[in-house]
Amino acid sequence: MSVLSNVLSNTVAAVRRLGPGNRVLFLATFILQGGSVVLPFLTAYLVNQDRYAIGTVGLIVACYSVGGLLADLCSGPLLRALTASTLMKAGLAGNAVMVMALPYVHAPVALAAVVLAWGFCYEVFMPASYGETVRLSPEGDLKIAFSFNRLAFNLGMGAGPVVGAFLFGRWPAVLFVVNALAAVAVGLCLASRWGSRALRQPTAGRDLPTPPETATPSGTATSSETAEETTAAPNPRHSGRRFWTLLLLSLPIHYAYGLPLIFLSVYIPHYLHLPTMWVGLVFAVNAGTVVLFEIPLNTMMRNVGSLPTLIIGYVLAAGGFALMGVAQTGPALVLTTLLWTAAEMMVFPGLIHYVSVLSPPAATSRNMGLYAAVMNVGLMAASQLALVVASYAGPSIPWYSAGAAIGVAAVVFHFLRRSDRRRHRESGGVVGEFVRG
């Protein structure tokens, strides 16, 4: 009981340390995601219009992902020209305008252009938000800050489709109004005196003294955050190579975590012949576990460096997704879901934290945008490949291939860690029992 109390108190203290700026971003992200009710039902809405062939609908909806990818690639140059707050507000304004225009545009080419612009305006918010999270967060609490951001995202993503399903069955056109109002509300939140003052707070934690050595839950002493990671990347050239390596190694993770979103609703009822309630149960277990435990877990692991975190997470993810191909019953699927969900809670904050560690201040915005672009590429690959691979090679192959690719990436991370340990020793650093990076 005392351990649980200690974990909860540490979690509350860590969230408080994040400051008002991160709380503004939390609220903004939650409202934006919770109000994003059009996209999950856009395909059904266009099909119900009886104006377009199914293939045309697919191409129109795909333009949203293309717009999002363009936003991620353009966010670096845009953030050099504009402040993050200005870019977020501009994206929100464009989001509201484009989503309100959708019901009034009927020509397929024009509709595809509006959907592409909508995807661009929506997605440009995220890299700017990531950059602000880095700027506003104490350095030792970056993983917790990203977990806090993901909590807002997951809560909003859980609420949005429920609200959308209720509205779509009764008043489909109202979806567009709700979506636009959510974007406007977030823009007003950021532009308000409270929001502006919170986001103008000084850069947090960059000049603070490094926390002393602390004990991890396992009792292993660790130093502050990423001593070896910074030693291992003493010059921009090495940091650049490591950053591009990290992007490549993140691709299997983004592909794998796209599979439940894209493939699970087909895999369980059509291939395993199980009731569809197991689809909902898998998503509920995943979402509930992330909401309840991600921030406490990352609070406990705040002194564990990026590479050890990623190695542990990748190993769990490799096993979890491979076992999804083995599991044949509902309870087995739920237990396996707990495995890859535990990995998710470590891997996603760990990846974006490592991006921030490898990014010099001038490159942070660009690198966050590139990371978001790779995330979109992985999700797009899952949507394009999963059903094709299942049809030609067997329904378990998408899961096995994802697990194998993540396992290979985990081995590469292990060798990168060994390389960092060697560099750390050569630079005169002292490696403790548990190596940070």
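Is Glu132 buried or exposed? Glu132 turns out to be buried, with a relative accessible area of 7%. Keep in mind that everything shown in these close-ups comes from a predicted model.

**View 1. Arg135 and Glu132 pair up within helix α7.** Here we look at one of the four salt bridges that the structure holds. Arg135 and Glu132 form the bridge, and their closest N and O atoms sit 2.9 Å apart. The two are three residues apart in helix α7, which covers residues 125-136, so about one helical turn separates them. Glu132 is the buried partner, at 7% relative accessible area, while Arg135 is partly exposed at 24%.

**View 2. Arg150 and Glu294 bridge two helices.** The side chains of Glu294 and Arg150 meet in a salt bridge, 2.8 Å from N to O. Glu294 belongs to helix α13 (residues 277-300) and Arg150 to helix α8 (residues 142-168), so this pair ties together parts that are 144 residues apart in sequence. Both ends count as buried: Glu294 has a relative accessible area of 1%, and Arg150 comes in at 16%.

**View 3. Arg242 meets Asp420.** This is another salt bridge, with 3.0 Å between the closest N and O atoms. It links distant parts of the chain, since Arg242 is in helix α12 (residues 236-271) and Asp420 is in helix α17 (residues 397-426), 178 residues away. Asp420 is buried, at 0% relative accessibility. Arg242 is buried too, with a value of 6%. Back at Arg150, salt bridges with shared partners join Arg150, Glu294 and Glu344 into one network.

**View 4. Asn149 and its surroundings in helix α8.** What does Asn149 touch, once its neighbours within four places in sequence are set aside? The contacts are Thr29, Met126, Ser129, Tyr130 and Thr133. Take Tyr130: this residue is 19 residues from Asn149 along the chain, and their C-alpha atoms are 8.6 Å apart. Asn149 counts as buried, with 7% relative accessibility.

**View 5. Asn376 on helix α16.** This asparagine is found in a helix that runs over residues 364-393. Leaving out neighbours within four places in sequence, Asn376 is in contact with Gly68, Leu69, Asp72 and Glu123. Its relative accessibility is 16%, and that counts as buried.

**View 6. Tyr64 and Trp118 make an edge-to-face pair.** How many aromatic pairs does a search of the whole structure find? There are 17 aromatic pairs, and this view picks out one of them. The ring centres of Tyr64 and Trp118 are 4.8 Å apart and the planes sit at 70 degrees, so the pair is edge-to-face. Tyr64 lies in helix α4 (residues 54-81) and Trp118 in helix α6 (residues 108-123), so parts that are 54 residues apart in sequence are tied together. Tyr64 and Trp118 are buried.

**View 7. Tyr267 and Trp399, an aromatic pair linking helices α12 and α17.** Their rings are edge-to-face, with 5.6 Å from centre to centre and 70 degrees between the planes. The partners are 132 residues apart, so to speak of distant parts of the chain being linked is fair. Both Tyr267 and Trp399 are buried. Zoom out a little and one aromatic cluster appears, formed by Tyr257, Phe263, Tyr267, Tyr271, Phe321, Trp340, Phe348 and Trp399.

Definitions and conventions
Residues are numbered from 1 along each chain as its sequence is written. This is a predicted model: local features need pLDDT of at least 70, side-chain atom pairs count only at pLDDT 80 or more; totals for chains, interfaces and linings use all residues. Side-chain values use heavy atoms; hydrogens and water are left out. Helices (H or I, at least four residues) and strands (E, at least two) are DSSP runs, numbered from the N terminus. Buried means under 20% relative accessible area, exposed over 50%, partly exposed in between (1.4 Å probe, protein chains only). Contact means heavy atoms within 4.5 Å. Rings of Phe, Tyr and Trp (its six-membered ring) pair if their centres lie within 6.5 Å; planes under 30 degrees apart count as stacked, over 60 as edge-to-face and the rest as tilted.
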